[in-house]
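Morning, everyone. Please take a look at the structure before I start talking.

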Amino acid sequence: MQIVTLLWTRSRWEERTRDRVRSDRVPAVSAKRRDMLLLPLSEYRRWADTVTQALQGVVRFLQRERIFRARDLPYSTQLVPLTAILTLLGEAAFTPEPTAKLRQWYWCGVFGELYGGTTETRFANDLQDVLAWVQDDGEEPRTVRESQFQAERLLGLRTRNSAAYKGLYALVMKRGGRDFRTGETIDAKAYAADSIDIRHIFPQKWCAANGIDSAYANCIVNKTAIDGQTWGYMGASAPSKYLVAIETGVPVSPQDLDAICNSHDIDPVALRQDDFGAVFDARYERLIRQIEDATGRPVNRGDGQDSPFSVQRGAAALARGIESLIKAGESKVVEFKSTGRKNLDTGQKDQAMEWAVIKTIAGFMNGHGGTLLVGVQDDGSVLGLEEDLTVFSKKNTDGWEQWLTGLLIQAFGKAVTANVTVAFGIINERTVARINVAPASAPVYATRMKTGAKGAVFLVRLNNTTHELDGPEASKYQHDRWFK
């Protein structure tokens, strides 16, 4: 009834606006009780069937965002303006630019937690604001402008009572979190068939036995989408033990299981070492990036709003993490490169070296995510960035990071580049760049730098190497990865 009332009052508002009625006499768009009581039967009949059809579009939208069940819906109230908006936009809502704007508005409502109180006024504002934004390229809706999320809020998200808790659960799947049992993208069919639910990464009993604060053990940072069969293998065991049980029971290779873990923003090397702090710290940062990517707004971070384990993740911990990655070797989610810019054969800057970095990062984004170590040779020996820096005018890590950021912005744009983080560790007195890459929430194309070369290309990670896909192959991969 509220949806129909919104549409009736919106059509009345449009009619009066077209007739140039004085603004103080134009009736407001509304879904308040008094307006529902005034709803004419003829208007109900006019809109009822159209709204019913639009609800199919709502399901389609929610499933694309990986919201499959009513219990996982962040706000049922937000469906009122969403349905009204889709009723008026029709199929145009599912074209790229309108879809991107609808996603941003939706997730701003969820992570801004703006639909938890009195909502009738927001219903009307969002209907008007979003339509003007989508159809007329108007200003951002108030819900987008008002949305704020505090980083420390992650530590308080522990149950489905919170919209943001359910929102992050969906985003992990949307961005590429794979089914632990099959390694495939989680769609509605897999979600139901495999009894997927939000479950602990480090089991509660293990956390209690190892002195992990229950507040951290039970928050969203230590949870992800895990199927029932995998959960059975996990039990109360340490990750180092349950990963072996999963590999034997599914069965799945260690490399493939590491890739699945990485797709959930779980550092597989730290997980195999039972390093709760390292997994938690890295995932805390990744979830913040996910929220920023979905809402298009920065997460608020005041003093003391870093991960509670960040103080333990100093230079020594970073070096240990890099050494562990080197020891584990290259895989679907780890790659080594001797340099980022310098051709060791010629001793000169080389765009081919830069393109190799871009290719690897794009492949990680379009796959499970991953880590690129620069300054490490294929055999695992550490060369260090010092060799690369000889071709830089600013011969330090600041100059190297500035070069990398500019390179990635040129190849991908600023929004996509935000999914990449860089840290520098010292191994045997040599500097290694650790580049962590998050899985992307939509296909990422890389723009070639070479004059006269093919423009934007789609790159994917196949086993330990990166390949270009186009035509039907690219379409199928993208459908299976993002649009199932």
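One definition before the helices: angles under 35 degrees count as roughly parallel, over 145 as roughly antiparallel, 65 to 115 as roughly perpendicular, and the rest as oblique. Keep in mind that this is a predicted model.

So, helix packing. Take helix 5, residues 96-111, and helix 8, residues 163-174. They pack at an angle of about 140°, and their axes are 8 Å apart. Helix 5 and helix 8 are therefore oblique to each other. Who makes the contact? From helix 5, we have Arg103, Trp107, Val110 and Phe111. From helix 8, the list is Ala163, Ala164, Gly167, Leu168, Ala170, Leu171 and Lys174. By class, the contact has 8 nonpolar residues, 1 polar and 2 charged.

Next, the core. In soluble globular proteins, nonpolar side chains tend to be buried together. Here the largest nonpolar core holds 95 residues. Which of them touch the most other members? Trp105 and Leu154 do. Let's follow Leu154. Setting aside neighbours within four places in sequence, Leu154 contacts Phe149, Leu168, Cys219, Ile220 and Val221. Tyr284, Leu287, Ile288 and Ile291 are also in contact with Leu154. Leu168 should sound familiar: it was on the helix 8 side of the contact with helix 5. There is also a second, separate core, with 30 residues. Among them are Met365, Leu385, Leu408 and Met449.

On to the sheet. It is open, with 3 strands in the order 9-10-11, and the pairing is antiparallel. Strand 9, residues 445-447, and strand 11, residues 465-469, stand at the edges. Each has a single partner strand, so one side of each is left without a neighbour in the sheet. On average, neighbouring strands are turned by 50° against each other, direction ignored. Strand 9 is joined to strand 10, residues 456-462, by 3 bridges. Tyr445 stands opposite Phe458 in strand 10. Helix 21, residues 471-483, packs on this sheet and touches strand 9, strand 10 and strand 11. Its direction makes about 65° with that of strand 10.

Last stop, a loop. Ala28 sits between helix 1 (2-18) and helix 2 (33-37). Buried or exposed? Ala28 has 52% relative accessibility, so it counts as exposed; the cut-off for that is over 50%. Leaving out neighbours within four places in sequence, Ala28 is in contact with Thr9 and Arg12. Arg12 and Ala28 are 16 residues apart in sequence, and their C-alpha atoms are 8.6 Å apart in space.

That's the tour. Questions, please.

Key. Residues are numbered from 1 along each chain as its sequence is written. This is a predicted model: local features need pLDDT of at least 70, side-chain atom pairs count only at pLDDT 80 or more; totals for chains, interfaces and linings use all residues. Side-chain values use heavy atoms; hydrogens and water are left out. Axes are lines fitted to C-alpha atoms, for helices over the stretch in contact, and angles run from 0 to 180 degrees between N-to-C directions. Helices (H or I, at least four residues) and strands (E, at least two) are DSSP runs, numbered from the N terminus. Contact means heavy atoms within 4.5 Å. Ala, Val, Leu, Ile, Met, Phe, Trp, Tyr, Cys and Pro count as nonpolar, Asp, Glu, Lys and Arg as charged, and the others, Gly among them, as polar. A nonpolar core is a set of buried Ala, Val, Leu, Ile, Met, Phe, Trp, Tyr and Cys residues joined through side-chain atoms within 4.5 Å. Buried means under 20% relative accessible area, exposed over 50%, partly exposed in between (1.4 Å probe, protein chains only). Two strands pair if DSSP finds at least two bridges between them.
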